[in-house]
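Please look through the sequence and the model below before reading on. The paragraphs that follow begin with two loop residues, then turn to salt bridges, and end with the packing of helices.

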Amino acid sequence: MDFQDVVRRRRMVRSFTDEPLTPAQVDRLLGNAVRGPSAGFTQGWAFLVLESPADRDRFWAAATPATSARDMAEWRAGLRRAPLLVVPMASRGAYLRRYAERDKAGARLATPGSWTPEDEARWPVPYWHVDVGMASLLLLQTAVDLGLGACFFGIGGPERPAFHAAFGVPQELEPTGVVAVGHPSEAGGAAGSTSRRARRPLDEVVHRGRW
């Protein structure tokens, strides 16, 4: 598929059929994800891949909030049919250690001041999650290129301890989000924010030269 078509067709799909993916499709999704940029080529990411019904059920049991201010029943029903869940995770420690290494120790990523080699204050933004976010976008775009649908969503703070415990995830790794992938359902599923909000025009968000 032409790259511009991938960009234009990419959207969050919230309802899937239960048709499984092929191993080649899963391998291509993951192989493209790790081609994303990474500060200092740290590659401080990990991807938990959940394909079996038992693993996916365990995920939903751990990550679903006990209560919600919104009725999420339709949203969850559509997503739960996705045959593949990928949880991209970031290691803050990997980046702090990488930038304490000899070739990076002199790099000042924040306002100069007093800091130790592994001081998080050196970082103006958490690039560990930035990098994993870009890897997640590659998952979303690859899904489109494969004729599949995908949706990125988060794991709430209160549910994270249960998620870590359910899958034995090391505490150093924090999920940036979850990508559900599968064959889109004709039913469409729950409407997203794009049904209620228009895309902002380019001239409202692009500032050439200065504000």
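In this predicted model, a good place to begin is glutamine 43, which counts as partly exposed because its relative accessibility is 35%. Glutamine 43 is found in the loop between H2 and E1, and its phi angle is near 55°, which is a positive value in a residue other than glycine. The loop between H2 and strand E1 (45–50) is also the place of phenylalanine 41. For phenylalanine 41, phi is near 50°, again a positive value in a residue other than glycine. Is the side of the story told by accessibility one of a buried or an exposed phenylalanine 41? With a relative accessibility of 60%, phenylalanine 41 counts as exposed.

From this loop we can turn to the charged side chains, for the structure holds nine salt bridges. One of them joins aspartate 5 to arginine 8, and the closest N and O atoms of this pair are 2.7 Å apart. Both aspartate 5 and arginine 8 lie in helix H1 (residues 3–9), where they are three residues apart, or about one turn of the helix. Aspartate 5 counts as partly exposed, since its relative accessibility is 22%, whereas arginine 8, with a relative accessible area of 57%, is exposed.

What does a salt bridge tie together when arginine 97 and glutamate 172 are the partners? The side chains of these two residues, arginine 97 and glutamate 172, meet at 2.9 Å, N to O. Arginine 97 belongs to helix H5 (residues 92–98), while glutamate 172 sits in the loop between H7 and strand E4 (173–175), and so the pair ties together parts that are 75 residues apart in sequence. Arginine 97 counts as partly exposed at 40% relative accessibility, and glutamate 172 is partly exposed with a relative accessible area of 39%.

A further salt bridge is formed by the side chains of glutamate 204 and arginine 200, with a distance of 3.6 Å, N to O. Here glutamate 204 counts as partly exposed, at 45% relative accessibility, but arginine 200 is exposed, with a relative accessible area of 53%. Salt bridges can also be followed through a network, and in this model Arg98, Glu101 and Asp103 are linked in that way.

The last part of this walk concerns helices that pack against each other. Helix H2 (residues 23–33) and helix H6 (residues 127–145) pack at an angle of about 145°, and their axes are 8 Å apart. H2 passes H6 in a right-handed crossing. On the side of H2, the residues that take part are Arg28, Leu29, Leu30, Asn32 and Ala33, and they meet Ala135, Leu138, Leu139, Thr142, Ala143 and Asp145 in H6. Sorted by character, the residues of this contact divide into seven nonpolar, two polar and two charged.

Helix H3 (residues 53–63) and helix H7 (residues 160–167) form another packed pair, at an angle of about 155° and with axes 8 Å apart. Angles over 145 degrees count as roughly antiparallel, and H3 and H7 are therefore roughly antiparallel to each other. The crossing in which H3 passes H7 is right-handed. In this contact Asp55, Arg58, Phe59 and Ala62 of H3 meet Ala162, Phe163, Ala166 and Phe167 of H7, and these residues divide into six nonpolar, no polar and two charged.

Note on methods:
Residues are numbered from 1 along each chain as its sequence is written. This is a predicted model: local features need pLDDT of at least 70, side-chain atom pairs count only at pLDDT 80 or more; totals for chains, interfaces and linings use all residues. Side-chain values use heavy atoms; hydrogens and water are left out. Axes are lines fitted to C-alpha atoms, for helices over the stretch in contact, and angles run from 0 to 180 degrees between N-to-C directions. Helices (H or I, at least four residues) and strands (E, at least two) are DSSP runs, numbered from the N terminus. Angles under 35 degrees count as roughly parallel, over 145 as roughly antiparallel, 65 to 115 as roughly perpendicular and the rest as oblique. A crossing is left-handed if the near helix is turned anticlockwise from the far one by less than a right angle, and right-handed if clockwise. Contact means heavy atoms within 4.5 Å. Ala, Val, Leu, Ile, Met, Phe, Trp, Tyr, Cys and Pro count as nonpolar, Asp, Glu, Lys and Arg as charged, and the others, Gly among them, as polar. A salt bridge is a side-chain nitrogen of Lys or Arg within 4 Å of a carboxyl oxygen of Asp or Glu. Buried means under 20% relative accessible area, exposed over 50%, partly exposed in between (1.4 Å probe, protein chains only).
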